[in-house]
Amino acid sequence: MRGARIAAIGAVVVLTSVGVLGGSVGFAAADPTLNDSKSGDGLARFQEQPVDWRRCQLDAKDELGKVLDEAKAQCAEVIVPLDYSAPEGRTITVAISRLKATDPAKRRGVLMTNPGGPGGEGLILPLFLAEGGSASAAVYDMIGMDPRFVGRSTPINCAWPTLVGLHSAGPDRRSFAQSVAFAKDRAARCQRTNEDVLPYASTRNTVRDLDIIRAALGEEKMSYFGGSYGTYLGAVYLQLFPEKADRFVLDSAVDPNVYGPGLLSRNNAAMTAALKSWAAWAARHHKKYRLGATAGQVLTTVERIRKTADRRPLKVGTFTIDNHLLPLLLWASDDHEESYAELAAGARVLRDASRGIKVTLTPSMKQSLTEYFSPDVTGFVSVQMAILCADRAVSRDPQTYYRDIQAHRSTEPLYGPLIRNITPCAFWPATPAEPTTQIGNDAPALILNTTGDTQTPYPGAQVMHQALTGSRLVTLKNAYRHGVYLGGSSCADAAVDRYLLDGVLPGSDLTCTEDKKTAKVSSITPPVHPLTVLGR
């Protein structure tokens, strides 16, 4: 029962929405830019601060805190500098949670965790891992964290009017101009409300926060589990603080050379392959959904829906679906039976709407559209953008994006205008304060990825593997989804558990398949529609 409650809350608060031999022998040198005040002078008062663990529930309406308390987790706040180059200046707080090792006699330290995003709230992630069956729960104090400016950690909230992080450019220059106005508006809202803190929202600063937390907890080293964007966060920690890293697991790895505002720009091949996989499933269920008796016919139906939406918006119940939104509704991001069925039912609604037929929304589609047209109350999407904009500079010329979309429109008609479109970072009021971190070291790590991941495609995981030369890569074959660990592959789970418990990496890269009888949605990546996701 408690697990069901965690899953329900996780879909709201985690919204994300995606491996090490101990010791530091043979590690590449730490990032030389840290040989300044960012990593040394002035930080002792933060590193030595006491951590006051207490109950997690803030008030009677705090369901997240209630679930954490019922699981016997504890919560605390750690004070960190806003600007690590001026540690004597303004400070902020970072919220953390702790689920103590269930076998204290065998405790071997802390396991820091991150669910992804960027911008994912992480206080509940230790509960997902523990209730999902992670062997690490016995020997690690598992630490959850709301990264700086997220959730309970001095949050950024730009009061965006809709809960969406992606916006397709549509079919022509007119619709692209609407996207430019959309991006400019979102950036202006952040300038009005949070301009003073935007320069400090970077992953590098979150990594420094992680190291402050490690020190405040009295740990010489830390182990780490990160999913999706959390893999980039972990890789940056390995680059900046290799001597403090123990066993690192990176599940659904981001391409470190692409990560930033354009992190999805190379995802079309994976997204198209996943759509074809779903189309084959829909064809096998033609009698129910009537989308086409072959995969080719189903894809033709999708193309007709797209072309109709390019000509006119679709009326779907009380909602209007235009060409800016449609590709998000046709994103086949998860190959579990329930997800395929939901996408097929939604595609049938869109097909009928494209024919001018009055339609009734499916419950899942109604929920997704209601979320899209609702204000970003928590600030999740705006803080996600703030982190991306702080991590990598992008072109501020709208024509750059339009030319790129046009160059790929014939080969990427559905997803290209979405994944290559301009973002608010092109108009952001703050530029990155530091260069983008270049990942390249021989720190050991365990990397996991499915071959059909549409959010962090497999080629990106291979790039991460090549950048971390001491790593091993666990590949889950023939799976079109995001998240590997605790998702239905005993082979992959065993590799993670052995590494975290015994410090033993596979002797070579490992290929796994899922156990069909036990396949399930990964416990570490709570399901979330990609409407709100730039990259989990």
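This report describes salt bridges, backbone geometry and one buried tyrosine in a predicted model.

**Salt bridges**

Side chains of opposite charge can pair when their charged atoms come close. In this predicted model the structure holds 21 salt bridges, and three of the pairs that link distant parts of the chain are set out below, each with its N to O distance and its separation in sequence.

| Pair | N to O distance | Separation in sequence |
|---|---|---|
| R108 and D246 | 2.9 Å | 138 residues |
| R148 and D209 | 2.7 Å | 61 residues |
| D335 and R481 | 2.6 Å | 146 residues |

In the pair of R108 and D246, whose closest N and O atoms are 2.9 Å apart, R108 belongs to the loop between β2 (91-99) and β3 (109-114), while D246 sits in strand β6 (residues 245-251). The two partners fall into separate accessibility classes: R108 has a relative accessible area of 29% and is therefore partly exposed, since that class lies between 20% and 50%, whereas D246, with a relative accessible area of 8%, is buried.

The salt bridge between R148 and D209 spans 2.7 Å from N to O, and it connects the loop between β4 (140-146) and α6 (173-194), where R148 is placed, with helix α7 (residues 203-216), which carries D209. R148 counts as buried at 1% relative accessibility, and D209 likewise counts as buried, at 0% relative accessibility.

For D335 and R481, the closest N and O atoms are 2.6 Å apart, and both residues lie in loops: D335 in the one between α12 (326-329) and α13 (337-354), R481 in the one between β10 (468-476) and α19 (490-502). Both D335 and R481 are buried. Elsewhere, R107, D141 and E219 are joined into one network by salt bridges that share partners.

**Backbone geometry**

A cis peptide bond runs from G117 to P118, with omega near -5°, and P118 is located in the loop between β3 and α4 (125-132).

Which value of phi does F149, a residue other than glycine, adopt? Its phi is positive, near 75°, and F149 occupies the loop between β4 and α6, the loop that also contains R148 of the salt bridge with D209. Because its relative accessibility is 2%, F149 counts as buried.

S252 also has a positive phi, of about 70°, although it is not a glycine. This serine is found in the loop between β6 and α9 (268-284), and at 0% relative accessibility S252 counts as buried.

**The surroundings of Y485**

Y485 lies in the loop between β10 and α19, which is also the loop that holds R481, the partner of D335. Is Y485 buried or exposed? With a relative accessibility of 0%, Y485 counts as buried, because the class takes in values under 20%.

The side chain of Y485 makes a polar contact, at 2.5 Å, with the side chain of D497. In addition, Y485 and G227 are 258 residues apart in sequence, yet their C-alpha atoms are 9.2 Å apart in space.

Technical notes. Residues numbered from 1 in each chain as written. Predicted model: local features only at pLDDT ≥ 70, side-chain atom pairs only at ≥ 80, totals over all residues. Heavy atoms only, no water. Salt bridge = Lys/Arg side-chain N within 4 Å of Asp/Glu carboxyl O. Helix = DSSP H or I, 4+ residues; strand = E, 2+ residues; numbered from the N terminus. Buried < 20%, exposed > 50% of the residue type's maximum accessible area, 1.4 Å probe, protein only. Polar contact = N/O pair within 3.5 Å; in protein donor to acceptor, adjacent residues only side chain to side chain.
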